[in-house]
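Work through the exercises below with the sequence and the model at hand. Try each task before reading its solution.

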Protein chains: 2
Amino acid sequence: MATPKIVSALAPSAFPDLPVIPGVSLAGGAVGIRYKKRSDVMLAVLDEGSSVAGCYTRSLTASAPVDWCKAAGAKGRVRAIVVNSGNANAFTGSAGVASVEREVAATAQLVGCKKHEVFVASTGVIGEPLADDKIVAGLPALLKAVKPTGWKAAAEAIMTTDTFAKGATATALIDGVPVTINGFAKGSGMIAPDMATMLAFVFTDAAISADVLQHELTRATDRSFNCITVDSDTSTSDTLILSATNKAAHRPIKDKKDARVKAFRRALEAVLTDLAIQVVKDGEGAEKFITIRVTGAATSKAARRIGLAIANSPLVKTAIAGEDANWGRIVMAVGKSGEKADRDRLMIKIGGVTVAANGQRVDGFDETPVAAHIKTRDIAIEVDVAIGKGDATVWTCDLTHRYLDINAGYRS
Amino acid sequence: MATPKIVSALAPSAFPDLPVIPGVSLAGGAVGIRYKKRSDVMLAVLDEGSSVAGCYTRSLTASAPVDWCKAAGAKGRVRAIVVNSGNANAFTGSAGVASVEREVAATAQLVGCKKHEVFVASTGVIGEPLADDKIVAGLPALLKAVKPTGWKAAAEAIMTTDTFAKGATATALIDGVPVTINGFAKGSGMIAPDMATMLAFVFTDAAISADVLQHELTRATDRSFNCITVDSDTSTSDTLILSATNKAAHRPIKDKKDARVKAFRRALEAVLTDLAIQVVKDGEGAEKFITIRVTGAATSKAARRIGLAIANSPLVKTAIAGEDANWGRIVMAVGKSGEKADRDRLMIKIGGVTVAANGQRVDGFDETPVAAHIKTRDIAIEVDVAIGKGDATVWTCDLTHRYLDINAGYRS
């Protein structure tokens, strides 16, 4: 497959080593959906007995694959996940629904499972018919190619405008038994809650029932993917699927209140946060990674809304791209969030330096350290709105000329 | 004053001829607030007996001048309006409040009126102390300079990153007596409801009481400035003031239900819409003017929210900048608006050509006329969401490299 020519300035040095997860095999391959000689289909096959949970876009124009996954997910079982890049199969009407049905039927037959154990996702251009025949024709070769070490190939196959493949891993001990959580994701436009990433697939060997998985996935998503934004646009295809092969030798967790789930919870949140941050770091055209910490809000939800108002403000994002510590625009964004803030007690720090307190610029403010910080790749903004105790952390990136270059010519 | 070097591609050929309005005199001058040798203060003086109404930003971090105008506006009388560009006097704490007080006191003394008859507005950088002493020192010369024909000079003095001065005029007949409405406005970043423009000042010789003026202004604003967006950012300083000198010879209108107000209403809406569209056409970096008509929504409010979701989508705006009729992104924006839409009955037209109907691309779609339309400066998007009878029209511009150039270096 072709490696993108320009890699994000914020990219990690390499795709992480993801360990084998018993019961999961994956492969990526090129079937010519849209890109030429580029990997564009991913197949993950899971052993019998695997449970599944999902979080999906809240868009009211969700794609046909999302509709399918939501319905299939109710059964809580998974044997195969098929994902293509290059075409989102969104707003494709009844033709799109038929594409999903053919893709699912072919996969179920090939893998030897029920249709509702097959999950599909598509990412890429919206509104054009999906060449599902190419995917179906490519499935036998993919099934032959799947292997327990196929993580990177799988992660690469789901990329669209992503400039690097995104993977993360963590382990947890349940009853003293180590379990692994691996995940991979793709961005990198239309990134905004809720859901933030377009596609993410997470796998574990832990033995956890579907309803507990769903509970944990929803919680962790709220604290990771739902706290990031690149451009405030919400995809019609956002899909996050967590599959558990139940192969680990601990006693299965079947109850949400089972205290043993806590270690898993921490590891899951770590993997999702790692992936979410990688999605931001591959935000289209991103040159700076921005962490926004909001404290003193009425509630945590209010804090997140304020953080996202700052994160989504084109004026804040362009100021940071221009290495201008224009904190006045942060004030503006707090004001437009619609959430309570005490204008005359507002505190703003940039790079750990207090630039404004009690509603105005600090006396004798020395911009030197802030100007130095704003020239780095990792920007920290802290805002205290002095109303209550709600807090949240939100991650975003700057808005650069390359974002426009990428998006003004995506289809062509 | 210095004329900006780059003028918006969408600018009108000239500032319109605004007729004299009996009882109004205006001037603009340079006092060195921020720009060198550029007009940066505007003074409008009104005869005794003038009534006033205002609409202000809903930002929860509104500026000190906005706080002042809201309070003064309750009395419904106006004798002077002082506006500076270059500094917004926003998030300036108690120092900002004191600046307003000095500015108002000096103006009231000079003009010979009550303090609550003085309105002030400031636009420009946020969070830096306002050099109100320079404004106060400049007031006597401005008062000498005011004249009934000072419209263009006034409009130019309130510009910040605007590339052209924005004016509009209309007339109406009340009791057979012609009345005039003149207005001028400035944009051109932080343009989003509610309020859309940063500053707009509208004057009429009609004899209308303050409460009727307020009623009409609120209504017309909702159908004009609150339907435009450039970058979704809401200013802390948005101010729209409508003053009436009551000089026209018709019997005064003192009751909201007085049928004679209708002609005035139409003319006022025409002036505000004209100004609002000029603000969009001077949207920072704008190269294309985009009209979005939404029909079939649950309510008019829902239609406007859908329209604004489309108008604010960076992906829609960059696609149009790139002359790509990427209607899939319009679908995405409809979906993220949170308002009801029937995905499988959605209809989208671009340039009058139906590109999608019944939830998918039209059969045998020929992109040629749409591709030709998208290369023009005036883009028309129509969306029917097939739910109800609510409709709205929203105006915006594309998102270009120049927006980034302007905003990445605004303070420097």
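**Exercise 1. Describe the polar side of the contact between chain B and chain A.**

Step 1. Count the polar contacts. In this predicted model, 17 residue pairs, both at pLDDT 80 or more, are in polar contact between chain B and chain A.

Step 2. Count the salt bridges. There are 3 between chain B and chain A. One of them pairs A:D67 with B:R343, with closest N and O atoms 3.0 Å apart. That passes the cut-off of 4 Å.

Step 3. Find the elements on the side of chain B that touches chain A. Those giving two or more residues are α1 (64–73), α2 (93–111), α8, α9, β14 (360–361) and α11 (401–407) of chain B. The largest share, 8 residues, comes from α9(B).

Step 4. Sort the residues on this side of chain B. They divide into 23 nonpolar, 23 polar and 15 charged.

**Exercise 2. Give the extent of the contact in residues and in buried area.**

Step 1. Take the residues. Chain B contributes 61 and chain A contributes 62.

Step 2. Take the area. The two chains bury about 5,100 Å² between them. Carbon and sulfur atoms carry 56% of it.

**Exercise 3. Which parts of chain B does the salt bridge between B:K288 and B:E323 tie together, and is each partner buried or partly exposed?**

Step 1. Check the distance. The side chains of B:K288 and B:E323 meet at 2.8 Å, N to O.

Step 2. Place the partners. B:K288 lies in the loop between α6 (261–281) and β11 (289–297) of chain B, and B:E323 in the loop between α8 (314–321) and α9 (327–336), so the pair ties together parts that are 35 residues apart in sequence.

Step 3. Assess accessibility. B:K288 has 5% relative accessibility, so this lysine counts as buried. B:E323 is partly exposed at 31%.

**Exercise 4. Set out the salt bridge of D342 and R345 in each chain.**

Step 1. Start with chain A. The closest N and O atoms of A:D342 and A:R345 are 3.9 Å apart. A:D342 is partly exposed at 23% relative accessibility. A:R345 is partly exposed at 49%.

Step 2. Go to chain B. B:D342 and B:R345 meet in a salt bridge at 3.8 Å, N to O. Their relative accessibilities are 23% for B:D342 and 48% for B:R345. Both values fall between 20% and 50%, so both residues count as partly exposed.

**Exercise 5. Name a salt-bridge network and give the total.**

Step 1. Follow shared partners. They join A:D162, A:K166, A:K186 and A:D282 into one network.

Step 2. Give the total. The structure holds 41 salt bridges over all chains.

Technical notes: Residues are numbered from 1 along each chain as its sequence is written. Chains are lettered from A and ligands numbered from 1 in the order in which they are written. This is a predicted model: local features need pLDDT of at least 70, side-chain atom pairs count only at pLDDT 80 or more; totals for chains, interfaces and linings use all residues. Side-chain values use heavy atoms; hydrogens and water are left out. Buried means under 20% relative accessible area, exposed over 50%, partly exposed in between (1.4 Å probe, protein chains only). Helices (H or I, at least four residues) and strands (E, at least two) are DSSP runs, numbered from the N terminus. Contact means heavy atoms within 4.5 Å. Buried area is the accessible area (1.4 Å probe) that two parts lose on being put together, summed over both. A polar contact is a pair of N or O atoms within 3.5 Å; within protein, one must be able to donate a hydrogen and the other to accept it, and residues adjacent in sequence count only if both atoms are side-chain atoms. Ala, Val, Leu, Ile, Met, Phe, Trp, Tyr, Cys and Pro count as nonpolar, Asp, Glu, Lys and Arg as charged, and the others, Gly among them, as polar.
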